[in-house]
Amino acid sequence: MKITNVKVFVNCPDRNFVTVKIETDEGLFGLGDATLNGRELAVVAYLKEHIKPCLIGKDAHQIEDTWQYLYKGAYWRRGPITMTSIAGIDMALWDLKGKAAGMPVYQLLGGTSRSKIRVYGHANGQTISETLENLGRLIKEGYTAVRLQCAIPGLEGTYGTLGDKKDYLEMQSSRPLPPEQPWDTNKYLNFIPTLFKKAREEYGEEIQLLHDVHSRLTPIEASRLAKELEPYHLLFLEDPVPAENQSNYKIIRQHSTTPLAVGEVFNSIWDAKELIENHSIDYIRTAATHAGGITGLRKIIDFAGLHQIRTAPHGPPDISPIGHAAHAHLNIWANNFGIQEFVGFGGEKMATVFTHPLAYAEGHLYLNDLPGLGVSFNEQEAEKYPYKRSYLPVSRLEDGTLWDW
Ligand code: KDG
Ligand code: MG
């Protein structure tokens, strides 16, 4: 099965997605997700200008060799642009192999370890009572784990909250330049434990709770937070500190038993190696879309499994249904799967462009047994929604200092 064409689409059915389509001489094609939020066009150029010419005429079944060829062959190792581009190709090749075999990708990985995929939802709010109302709604919808984010009194635009926007999609399609948001660590640290205290008082111990710090703290500040949250038994505390310096997490570990999760910005196993080897984390959150696809993430999953670290793949709206499907196949296969982040299937426009193999019920996702990844992409519909420049926000302290967002 020879590769005859590599097509790259960038569309905005409410938010931007980069989609790869690999065509073959056998008439089969495969689809991959290469969406890198806020830097989409760099990936498009990488795929069109640097990858496509190398793949025409190659055997589409050679997934591992193609991955190594694109990884080692670039000479310049790793990095989000390279690894997201490789991810788009890799997913499309797994999709193709599945279609050629007449099997879903999870069968090619080794079959299933479970029948359903447990997810966590998001409860956001401008106030504690609004956040807890949303938590109550999700519990009624069957969620057994929920991430709580709440606006910090005195800080506009706190991470994870929507302000005047109705949902993430509206928020993300209206950022022609990076919006700036204020940050104040003291206000944040004084407020967050109260949110979790109230949540436990109102909803008891059964619902599992999570929180995303979005890398805003120093190791010792994060240690204080992790320690103060101990009584509320989080499933995990996400991204308490940036992880370029992997030893940051060792410090938090020395102070607290709150489980830690990190990895959504990672693009290879090397970003996670020390964290995993030293058991500085409990969940690895790396996404197939940003870390070399199914082949790249599978290496991380297996390595994490050796250290009793479980997976919690990043599941934001800026990963396309193809990326979410790739996670579902990995989640249903991997013995050390932990939990999947899930924020819904997107709006009406997305539904006309993509169909996907997933269904939500009672706090879980169910994956059907369509061959390959099980996603379809409607090119004609996608053409109606051209790319819109859009950025993630940045944070600044009151005095103007640029901070981690
Ligand atoms: O593109 C960045 C977003 O996906 C990220 O801010 C979302 O932190 C996030 C999460 O945990 O879903
Ligand atoms: Mg996060």
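**Exercises on a predicted model**

In this predicted model, the side chain of Thr24 comes within 2.7 Å of the backbone oxygen of Leu28.

**Exercise 1.** Find the element that holds Thr24, and decide whether Thr24 is buried or exposed.

*Solution.* Begin with the place of the residue in the chain: Thr24 belongs to strand S2, which covers residues 17–24. Next, take its relative accessible area, which is 7%. Since buried means under 20%, Thr24 counts as buried, and this is the residue whose side chain reaches the backbone oxygen of Leu28 at 2.7 Å.

**Exercise 2.** Identify the protein donors of the magnesium ion, ligand 2, and work out which parts of the chain the pair Asp212 and Glu238 ties together.

*Solution.* First, list the donors, which are Asp212 through OD, Glu238 through OE and Glu264 through OE, at 2.0 to 2.2 Å from the ion. Along the chain these donors follow the spacing D-x25-E-x25-E. Then place two of them: Asp212 lies in strand S7 (residues 208–212) and Glu238 in strand S8 (residues 234–238), so the pair ties together parts that are 26 residues apart in sequence. Finally, turn to accessibility, where Asp212 has a relative value of 2% and counts as buried, while Glu238 is buried with a relative accessible area of 0%.

**Exercise 3.** Describe the surroundings of ligand 1, stating where it sits, which residues come nearest, and how much of its area the protein buries.

*Solution.* Start with the site itself: ligand 1 sits in the largest pocket. There are 14 residues around ligand 1, and those that come nearest are Asn37, His214, Glu264, Asp318 and Glu341; of these, Glu264 is also one of the protein donors of the magnesium ion. Now go through the polar side-chain atoms that face oxygen atoms of the ligand: for Arg147 the distance is 3.3 Å, for Tyr159 a side-chain N or O atom lies at 2.9 Å, and for Glu341 such an atom lies at 2.6 Å. As a last step, consider the area, because ligand 1 taken alone exposes 330 Å², of which the protein buries 90%.

**Exercise 4.** Locate Pro259 between its flanking elements, classify its accessibility, and give the separation of its C-alpha atom from that of Ile281.

*Solution.* Pro259 is placed in the loop between helix H9 (248–255) and strand S9 (260–262). Its relative accessible area is 22%, so Pro259 is partly exposed. Although Pro259 and Ile281 are 22 residues apart along the chain, their C-alpha atoms are separated by 7.0 Å.

Note on methods
Residues are numbered from 1 along each chain as its sequence is written. Chains are lettered from A and ligands numbered from 1 in the order in which they are written. This is a predicted model: local features need pLDDT of at least 70, side-chain atom pairs count only at pLDDT 80 or more; totals for chains, interfaces and linings use all residues. Side-chain values use heavy atoms; hydrogens and water are left out. Donors are N, O and S atoms within 2.8 Å of the metal (3.2 Å for Na, K and Ca); water is not among the atoms, so sites may look incomplete. Helices (H or I, at least four residues) and strands (E, at least two) are DSSP runs, numbered from the N terminus. Buried means under 20% relative accessible area, exposed over 50%, partly exposed in between (1.4 Å probe, protein chains only). A residue is near a molecule or strand if one of its heavy atoms lies within 4 Å of it. A polar contact is a pair of N or O atoms within 3.5 Å; within protein, one must be able to donate a hydrogen and the other to accept it, and residues adjacent in sequence count only if both atoms are side-chain atoms. Accessible areas come from the Shrake-Rupley method with a 1.4 Å probe; for residues, only the protein chains shown count as cover. On a 1 Å grid over the protein atoms alone, a cavity is a set of points where a 1.4 Å probe fits but cannot get out, and a pocket is an open set with protein on both sides within 12 Å along at least five of seven lines; lining residues have an atom within 4 Å of a point. A molecule sits in a cavity or pocket if more than half of its atoms lie within 2 Å of its grid points.
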